[in-house]
Amino acid sequence: MARKLAAGNWKMNGTGDSLAELEALAKGDLPKGVDVLICPPATLISRAAERADKIAIGGQDCHAAASGAHTGDLSAEMLRDAGASYVILGHSERRADHGESDEMVRAKTDAAHGANLVAVVCIGETLEEREAGSTLQVVGMQLAGSLPDGVTAQNTVVAYEPVWAIGTGKVPTLEQIAEVHNALRDALVQRFGNAGADVPLLYGGSVKPGNAAEIFAVSNVDGALVGGASLKSADFAPIIAALA
Ligand code: PEP
């Protein structure tokens, strides 16, 4: 069985003061059997890691290269050195804002694995693609193209995040989530065998305290990647609790 993971993506939000939210979460009652991850902006990773206690800390992107002339970028090794143990890769905002292709995400995922980081690889369809009936085809292609060989249940997490559900308050129906997650599980098992059966599959897109429990009850949903509702411990804590 895949382990359960509640992951928070702070995106480009937060300064030193925001670490009080992380501390509040870390000091609260975290349920056993649920892994908790916070991915703050890179500027906060080392300070977050010092205060995180049982909460894992992750980056939001890394470069595919180990070092070199890439101004403004960070390597997977640098994230690891700063205290991260995970990195989000191929988030739809990176794909849209920075033109990241599946091939680039695959190279970054390889780099993350090489640096001993767990890669949280994001895929998801746009509204146009959903309305055209091509969701399963789109996410299937993204999954195949974004994951390198060598994926294990320990080094990789897949997050299904419909682009139209991110930050919009719109959520797919539970049937739509189940359809995609079941198809992703089948594809993971087909390619990676037993390891594919245990790769955690997260749903992401407008997860809130009020809808988390019903989403977590859907088959092959092993947790969530949460944006807005991960910024405040009072919102994120009940989401984590719903996964227990
Ligand atoms: C995200 O950014 O990955 C996300 C799911 O955001 P939100 O929860 O705010 O929709």
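Biologist: Helices here are DSSP runs (H or I, at least four residues), numbered from the N terminus. With that settled, in which helix is Glu214 found?

Modeller: Glu214 is found in helix 10. Keep in mind that this is a predicted model.

Biologist: Noted! How does the predictor score the complex, in ipTM and pTM?

Modeller: The complex gets an ipTM of 0.97 and a pTM of 0.98. For the protein, the mean pLDDT is 98, and 100% of the residues reach 70 or more.

Biologist: Back to Glu214, then. Why does Glu214 count as partly exposed?

Modeller: Glu214 counts as partly exposed because 13 C-beta neighbours lie inside 10 Å; a buried residue would need 20 or more, and an exposed one would have 12 or fewer.

Biologist: And what separates the C-alpha atoms of Glu214 and Ala242?

Modeller: Those C-alpha atoms are separated by 8.9 Å, with the two residues 28 apart along the chain. Ala242 belongs to helix 11 (residues 233-243), where it is buried, as are Ser233, Phe236, Ile239, Ile240 and Leu243.

Biologist: What covers the buried residues of helix 11?

Modeller: The cover includes helix 10, along with strand 1, helix 1, strand 2 and strand 8 (223-226).

Biologist: Let's switch to helix 8. How many residues does it have, and how far does it reach?

Modeller: Helix 8 has 19 residues and reaches 26 Å from first C-alpha to last, close to the 27 Å expected at 1.5 Å a residue.

Biologist: Which residues of helix 8 are buried?

Modeller: Ile177, Val180, His181, Leu184 and Leu188. They sit on the same side of helix 8, because they cover an arc of only 95° around the axis.

Biologist: Remind me of the helical geometry behind that sort of pattern?

Modeller: An α-helix has 3.6 residues a turn, so residues three or four places apart point the same way.

Biologist: Which residues are exposed on the other side of helix 8?

Modeller: Glu175 and Gln190 are exposed over there. As for the buried residues, they pack against helix 7, strand 6, helix 9 (194-198), strand 7 and helix 10. Just after helix 8 comes Gly193, with a positive phi of about 65°.

Biologist: What about Arg185 in helix 8? What is it in contact with, leaving aside its neighbours within four places in sequence?

Modeller: Arg185 is in contact with Leu201 and Asn220, once those sequence neighbours are set aside. It has 19 C-beta neighbours inside 10 Å, so Arg185 counts as partly exposed, given that 20 or more would make a residue buried.

Biologist: Now helix 7. Which of its residues are buried?

Modeller: Thr135, Val139, Gln142 and Ser146 are the buried ones. Their arc around the axis is only 60°, which puts them on the same side of helix 7.

Biologist: And what do they pack against?

Modeller: Helix 8 (174-192) is one of the partners; the others are helix 5 (102-114), strand 5 (118-123), helix 6 (127-131) and strand 6 (156-160). Helix 7 itself spans residues 135-146 and reaches 16 Å over its 12 residues, close to the 16 Å expected.

Biologist: On to the strands. How many bridges join strand 2 to strand 3?

Modeller: 2 bridges join strand 2 (residues 34-39) to strand 3 (residues 56-59), and the two run parallel. One bridge pairs Leu37 with Ala56 of strand 3. With helix 2 (residues 45-51), these strands make a right-handed β-α-β unit.

Biologist: Through which helix does the chain cross from strand 3 to strand 4?

Modeller: The crossing goes through helix 3 (residues 76-82), and this β-α-β crossover is right-handed. Strands 3 and 4 (the latter residues 86-89) run parallel and are joined by 2 bridges, with Tyr86 as the strand 4 partner of Gly58.

Biologist: Last topic, backbone angles. Where does Ser206 lie, and what is its phi?

Modeller: Ser206 lies in the loop between strand 7 (201-204) and helix 10 (212-216). Its phi is near 60°, a positive value in a residue other than glycine.

Biologist: Why does Ser206 count as buried?

Modeller: Because Ser206 has 21 C-beta neighbours inside 10 Å. Lys11 also has a positive phi, near 50°, and lies in the loop between strand 1 (4-9) and helix 1 (19-27). Lys11 is partly exposed, with 18 other C-beta atoms within 10 Å.

Definitions and conventions
Residues are numbered from 1 along each chain as its sequence is written. This is a predicted model: local features need pLDDT of at least 70, side-chain atom pairs count only at pLDDT 80 or more; totals for chains, interfaces and linings use all residues. pLDDT is the predictor's confidence in each residue, from 0 to 100. The expected span of a helix is 1.5 Å times one less than its number of residues. The arc is that of the directions from the helix axis to the C-beta atoms. Two residues are in contact if their C-beta atoms, placed from the backbone, lie within 7 Å. Two strands pair if DSSP finds at least two bridges between them. A crossover is right-handed if, with the strands pointing away from the viewer, the path from the first strand over the helix to the second runs clockwise.
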